[in-house]
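User: I would like a close look at one part of this model, with its strand pairing and turns set out carefully and then placed beside the other parts of the chain.

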Amino acid sequence: MRYSLQKTTFAVIAALIPFGVLRAEVTTVILPENPLGMLKVSAEKADSVHTEQLTFQINPPPIAGAPVLQCVLRVVPTPQSGPERADQTVSVLWNDEPAPIGFWKAFSKTTQPYAAQLDKKACATGKSRLTLKTQSEFTSWDYYGSDAPTRAGLPRLIVTYDSPAPAQSGNLTDWAYSQPASFFSSQLSSAAMLTNPVSWDGKVYYIAGSKISQVAGAGNVLSWDLGPKFGNTEVAVSIDAKSLAFVTAWGRLRLLTKGAIYSCDLKVLPSLNSGDKLPCNATAPGEGIAINADETPAMGPDGSLYFKNVEAAEGNVTPVGSVVAYNASLQKIWQSSLKFTQVSPIALNASGRYAYVLANIPVQDLAKSKHIALLRIDTATGDTVEDEISYGPGPQDKQIKPELAELRKPAVVSKVVNGSSVDYVLAAGNTADNGVLQLVAFAPGARCVWSQVGGTGLQTAFNCDANPVGDGSAKRLGKISAAPVPSHDGNYAFVAWQDGTVFRYPWFNTAAGEEGGFTATNLKPQELDKDKKVPGLSNLLVDRGGSVYLASNSLSVYVAGSQKIIDTGVAVNSNTLQFTTGGTLIGYSDNGIFNYSPKSGQSISPPGLANNTIYSANKVTVPGNPGVQSGQQVILKGNEISFPPANFQWPAGTTLQVLSIPK
């Protein structure tokens, strides 16, 4: 085996990709209130027992009314240096009810964590008091409380909610543009921004100075002061340049800056009066938070943050850092045991339960040398599985281990294959000369891997026994110029290479009974345009319909199925492009936000309208019979929107947005 896995709106930076599902799961971690240092659970006889209690404050679910799908209590036993402990069964009682709502069985000398599946009512909103009790005679076990040597050793509730799938954003959008051929170019706002912009509920937000600004359209900007508190104590606003902003699908804003994390509820903004401050929670002063601008964190759907925290270094020592996690209540819940000199931007799977990151791991013990690995991290516990990046024929210990200097953000596609949840992760990075592209499948069984190396033309794949099944040749393509982006259905990935070539990789086999990643012999990369290169490409974005948007010094577009890349000549005044949750393509620099939404041309008159589609042009004429059905949604965008005569009625039960863009 290659390795074994046994542990089981608008986020500019972190976008969830729940391919093919209309529902999603949101997992959140809750720490107990003031636990004892150690939790002793024992019984001399069945009627002589010692119990312990844990109290949790369960906040309302991220989305109002979301039902609890799973409620798990996780505890970690202390090491046992003496004789083996007798096996113990621990029952969990809830509040004042006499009947257990869950249990776990502890065996001999193990120090592995135990997870008790609890009745869902134990994770309902409010106070939840859990009593740990055993009737296993002549047993005594200690479990970590507040004296746990690491944050991951603290007791915790892991609560999973059901929720609607959040709208996608970033480099992928749920919206398709109808026949894009050019782009708008207008400035939405001008300000010295301290953070990236984020989008929620049709508006864009950013931080400038000590204020939060809301952009509802070109020049339509409102601002409020921030009012952060740690507990009940006000703290001064301190936000550095190039700080990071995130927002959940439910309007919870997170600001990550040197020394602090702020959490603010955007839903309260409409209720604020002139001069009011936006209330925000803050981490304790002097929290010791430091990030590198190119090591972009990820935010889970509940608002938890995952990032590499850089440690201070003296002299010429290369600084290192661990990946850490802060939950929705701004509590640090784990820190990776490994330290890293460099990490890629972090990506999450569809549920947010697993984080994926490429990492440069320095020597930390004599067992392993410096290496580059793709890590899978359980976001609730910090448990980590790593797979070293390598390529070439033969077993892994005989393969080439590339020294990647540039680490791209992994692209993650979550699939259900033969009843099992599988995360397919496309990892990409560059050595001094070559680009390396590798697909790894993370699942509780066998997995397949294929790799492509741009500089050598070598392409190899491994079957589930890690034996080479074939290699072939590819063009000399050099480095990978932008992070790979999956298609909306997740069956394809788009990759841009240094020479300006853009490929569509149909990596997932959808044939019945053969679902899974293609091996190299069946992998047929498709060049989008054999006659057109896009040198200097730095951004690659994909819409629901499969059209691809490319940014270098100007904007180009590939319309799905056209086999042609159109260079529109529209200049880009921004170093970063992202889709908002509403499908608007925006760019931003330190001094402003720009609307670069795709458009079909000067004037369009579509004969009918399709669901989840944006019709965008200088002038859009709406057809007399739109053809949309109940429950569907359409966006019309342009300088001028022309409707049929006065007796026209938009179909009942459908959603229409009309967005005006200034000339």
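Analyst: Two strands are taken to pair here if DSSP finds at least two bridges between them. With that criterion in hand, and bearing in mind that this is a predicted model, the part chosen for the close look is strand 21, residues 252–257.

Strand 20, which covers residues 244–247, pairs with strand 21 in the antiparallel sense, and the pairing extends over 4 bridges. Within this pairing, Val247 is placed opposite Leu253 of strand 21. The two strands make a hairpin in which 4 residues lie between them, and Gly251, located in the turn, has a positive phi of about 85°.

Strand 21 also pairs with strand 22, residues 260–265, where 6 bridges join the two strands and the direction is again antiparallel. Here Arg252 faces Asp265, which belongs to strand 22. This pair of strands forms a hairpin as well, with 2 residues between the strands, and Gly259 adopts a positive phi near 85°. Strand 21 is thus a member of a hairpin with strand 20 and of a hairpin with strand 22. As for its cover, strand 21 is mostly shielded, since 5 of its 6 residues are buried.

The setting of this part is a chain that contains 0 helices and 59 strands. Of the 663 residues in the chain, 56% are buried, while the chain exposes about 27500 Å², of which carbon and sulfur atoms supply 49%.

Antiparallel pairing also appears in an open sheet of 3 strands, whose order is 3-2-10. The edges of that sheet are strand 3 (48–50) and strand 10 (139–144), each of which pairs on one side only, and from one strand to the next the twist averages 10°. Strand 2, residues 38–45, is joined to strand 3 in the antiparallel sense over 3 bridges, with Lys45 standing opposite Ser48 of strand 3.

Parallel pairing, by contrast, is found in an open sheet of 4 strands with the order 12-55-57-59. Its edge positions are taken by strand 12 (176–177) and strand 59 (655–660), and because each has a single partner strand, one side of each is left without a neighbour in the sheet. Further in, strand 55 (residues 613–616) and strand 57 (residues 633–638) run parallel and are joined by 4 bridges, and the bridge partner of Thr613 is Val634 in strand 57.

Two loop residues complete the picture. Gly601 sits in the loop that links strand 53 (598–599) and strand 54 (603–604). Apart from its neighbours within four places in sequence, Gly601 is in contact with Ser616, Ala617 and Asn618. Between Gly601 and Val620 there are 9.7 Å in space, C-alpha to C-alpha, for a separation of 19 residues in sequence.

His488 occupies the loop between strand 40 (485–486) and strand 41 (493–496). Its relative accessibility is 18%, and His488 therefore counts as buried, the cut-off for that class being under 20%. The side chain of His488 is joined to the side chain of Arg544 by a polar contact of 3.3 Å.

Terms used:
Residues are numbered from 1 along each chain as its sequence is written. This is a predicted model: local features need pLDDT of at least 70, side-chain atom pairs count only at pLDDT 80 or more; totals for chains, interfaces and linings use all residues. Side-chain values use heavy atoms; hydrogens and water are left out. Axes are lines fitted to C-alpha atoms, for helices over the stretch in contact, and angles run from 0 to 180 degrees between N-to-C directions. Buried means under 20% relative accessible area, exposed over 50%, partly exposed in between (1.4 Å probe, protein chains only). Accessible areas come from the Shrake-Rupley method with a 1.4 Å probe; for residues, only the protein chains shown count as cover. Contact means heavy atoms within 4.5 Å. A polar contact is a pair of N or O atoms within 3.5 Å; within protein, one must be able to donate a hydrogen and the other to accept it, and residues adjacent in sequence count only if both atoms are side-chain atoms.
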